[in-house]
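Hi everyone, thanks for coming. Could you pull the structure up on your screens before I start? I'll walk you through it bit by bit.

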Amino acid sequence: MPMISIERRLAQPRWLSVAVPIASVGVSFLVMAAVLAATGHNPLETYRRLFDAAFIGSAAWTDTLISATPLLFTGLAAAVAFRMQLWNIGAEGQLYLGAIGGAGAAIWLGPHHATVFTILAMCVCGAAAGSLWALIPGVLKAFGRTNEIITSLMLNYVAGQLLTYLIFDSASPWRDISTVQTRSFPQAIPLQASQFWPTLSPSNIVIPFGFLLAIGIAAVLAFLFRATRFGFEMNVIGDSQRAARYAGMRTRRKILAVMAISGAVAGLGGASQVGDFAHELDASPQGLQGANYGYTGIVVAALGRYNPFAVCLVGVLLGGLQNAGLFLQGVDFPSGLVGVMQGIILFCALGGELLIRYRVRIRRQARSTAEDVPAADAKPTP
Amino acid sequence: MINSSLMVLVLSQAVTYGTPILFAALGELLAERSGVLNLGVEGMMLVGAVMGFWAVQRAPGPGSLVLVLAVLTAAFAGALMGLIHAFLVVTLRASQIVSGLALTIFAGGLGLSSYLGNDLGLADVPPKYQLGQINVFGLKNVSVVGPILFNQSALVYASWALTIAVALYLSRTRFGLNVRAVGESPGAADAMGINIAVYRYAHVLGGGALAGVGGACFSLSITPGWTAGDSLVGGAGWIAIALVIFSFWRAELCLVGAYLFGALSGGLPAAIQAHNYKAIPTFFKTPEFLNALPYLTTVIVLVIIASGWAKRRLGAPAALGIPYVREER
């Protein structure tokens, strides 16, 4: 009878940290196929349609990039914080605040400014709003030792209510009260055409400006993590807060800074939602609040193993999945399937983590005599 | 002035709305006492809610039997969700935080619960049966106490029994003491001959089952039916996790806390809106503020707990969140 033993690896080979996530995506597709077959859907047919809808043709790619853009922002936001073992689950709410800030800047400035200036203002206000919202759990964590998982999550619900309030309250500067219709059916003030964020279309694929902005932020973050003292200290604090304190690092200050950065990135995502796509502060249930970008960002960050460029790649893949799910949604493709798939992919990636950190060895059961046991163990373990 | 009949209404709603939170919190309490943090409560509740409602619609037999079956189905579904988490964190030693979040995403409003509900055709279907109020011992008409405590659904009475059972289990039984050992010092427990993995699996599964029942409170009793998305449970699972923290990991305090949050999410907002009190500024009467109230309160209470004297007296299980590996203890 074979015996399974799990041993900690002394060194983690680099290729494994690429191969394991890819393999776990493969495994998760197998698991998902079983779920699909069990609920009476043809897995191969479903996968083919998913892939077609996500990645075949320029129209599909355009929609995929639209779906991917917010995921890149929220994925990066989660990655920054999670890297330091700071569990900011609040990207969802920080994204709403970013949208509020971005839309607020556009409404306040009005349509008569240069587009570049408007975009800059929207980005700054969106990032600042998201950052301040993230600093609430940040300050509570740094000075009150409050569990940031729950506080940041609770504030998501509060942010959602704030978003609704700003559109439904009659005195709100965000609310459009210019026509009779909007006075009875609350709606936000829409952006003017001169305030829309530009798009880039090298071929037939339309790339939103926000997508490029997210890639740029990923590059900045990668530099921050790899080449700066700040990034180094983040890694140390993430590995062991106590060691970091003994080494004289200011963990409290770092918590605040990382929360602020994380919230700012998520906030930029919110501003991009307003500037790139919705062109207004969208409080409908199908809008910002129904999309769960913040929570999906956690999947993106974990699958990308908190590496900024990997996060971008995973963001595009999951964006494709989300876009295809939305496109195919119907009787034979129930909504919820995409979330199930994301969950399964994440479970498999988590399980796969074991293979990166540990060596699983299957060996023959040691024979009954005691002398044989050391011989079996004496094999060199590279 | 708040008149007494309104007060009674608010309090009875507090008990009604607090019950799902109480079930979920007791489940999470069991898992955490064994050293496993499960952040997937919200997802497990949603799956429990949808599967409970499915059983009500499809199971044959007389109404009362169907309802019992529905609660059991919800518990089973919740336990299955717990099994995923237990396998990942106990056997595969994955990060408990990420795994719990993954469970919420997997099972949550845009995931499995929504998939099941839509695929089984449960959205906005009128319920065949629901758990109604039971007038125990004819005490319903006793003033004040009657409507608050003795005119509730069967799940409410079950939750009281469960609170006592969990409290006694953890303090008075051998298994309960073993669980606490596993959560406080798995190394020592292992040396005593306690099987760590079995205890952790059992309590995460049990916790999942209770979360499933908590979800069923919504779909069978409070708002009978099922709607797509996560609005049915609406963050109650997360409040339950917070509740475990500020009940200092004690069952009897969970009950008190659950009813506090029940009041904030159920009766109080309705009462404030219905009776337009002059003393309260307009902003605090908006539906948005009242909806945000339970979440804001959770944050505030957590801050008070974390900073206050309480933390030093009664804390979390020492091994909470740490995977146990015998070779590395």
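Let's begin with aromatic rings: across all chains, a search of the whole structure turns up 14 aromatic pairs. Here, rings of Phe, Tyr and Trp (its six-membered ring) pair if their centres lie within 6.5 Å; planes under 30 degrees apart count as stacked, over 60 as edge-to-face and the rest as tilted. One stacked pair is A:Tyr157 with B:Tyr295, at 4.4 Å centre to centre and 10 degrees between the planes. This pair joins two chains, because A:Tyr157 sits in helix 6 of chain A and B:Tyr295 in helix 14 (residues 287–307) of chain B. When I say helix or strand, I mean DSSP runs (H or I of at least four residues for helices, E of at least two for strands), numbered from the N terminus.

Quick word on where this comes from. This is a predicted model, where local features need pLDDT of at least 70 and side-chain atom pairs count only at pLDDT 80 or more, while totals for chains, interfaces and linings use all residues. Residues are numbered from 1 along each chain as its sequence is written, chains are lettered from A and ligands numbered from 1 in the order in which they are written, and side-chain values use heavy atoms, with hydrogens and water left out.

Back to our tyrosine. Is B:Tyr295 buried or exposed? Buried, with a relative accessible area of 10%. The cut-offs are under 20% relative accessible area for buried, over 50% for exposed, and partly exposed in between (1.4 Å probe, protein chains only).

Now look at another pair in chain B. B:Phe284 and B:Phe289 meet edge-to-face, 4.8 Å centre to centre with 85 degrees between the planes. B:Phe284 is partly exposed at 37% relative accessible area, whereas B:Phe289 is buried at 17%. Both belong to one aromatic cluster, together with A:Tyr165 and B:Phe283.

Okay, salt bridges. Side chains of opposite charge can pair when their charged atoms come close. The rule used here is a side-chain nitrogen of Lys or Arg within 4 Å of a carboxyl oxygen of Asp or Glu. How many salt bridges does the search find over all chains? There are 7.

Take A:Glu45 and A:Arg48, whose side chains meet in a salt bridge at 3.4 Å, N to O. They are 3 residues apart in helix 2 (residues 43–55) of chain A, so about one helical turn separates them. A:Arg48 also has a salt bridge with A:Asp52, the closest N and O atoms being 3.0 Å apart. Those two are 4 residues apart in helix 2, so again the separation is about one helical turn. As for cover, A:Glu45 is partly exposed at 33%, A:Arg48 is partly exposed at 44%, and A:Asp52 is partly exposed at 31%.

Further along, A:Glu148 and A:Lys141 form a salt bridge at 3.2 Å, N to O. A:Glu148 is buried, with only 4% relative accessible area, while A:Lys141 counts as partly exposed at 22%. And going back to helix 2, shared partners join A:Glu45, A:Arg48 and A:Asp52 into one network of salt bridges.

Next, the backbone. Most residues other than glycine have a negative phi. So which residue has a positive phi of about 55 degrees although it is not a glycine? That's A:Asn292. You'll find A:Asn292 in the loop between helix 12 (288–291) and helix 13 (293–303) of chain A, and it is buried at 13%. A:Arg305 has a positive phi too, near 50 degrees. A:Arg305 lies in the loop between helix 13 and helix 14 (308–328) of chain A, and at 29% relative accessibility it counts as partly exposed.

Last, let's zoom out. Chain A comes to 16 helices and 4 strands. Its C-alpha atoms fill a box of roughly 90 × 60 × 35 Å, taken along the principal axes. Of the 382 residues in chain A, 54% are buried.

That's my tour. Any questions?
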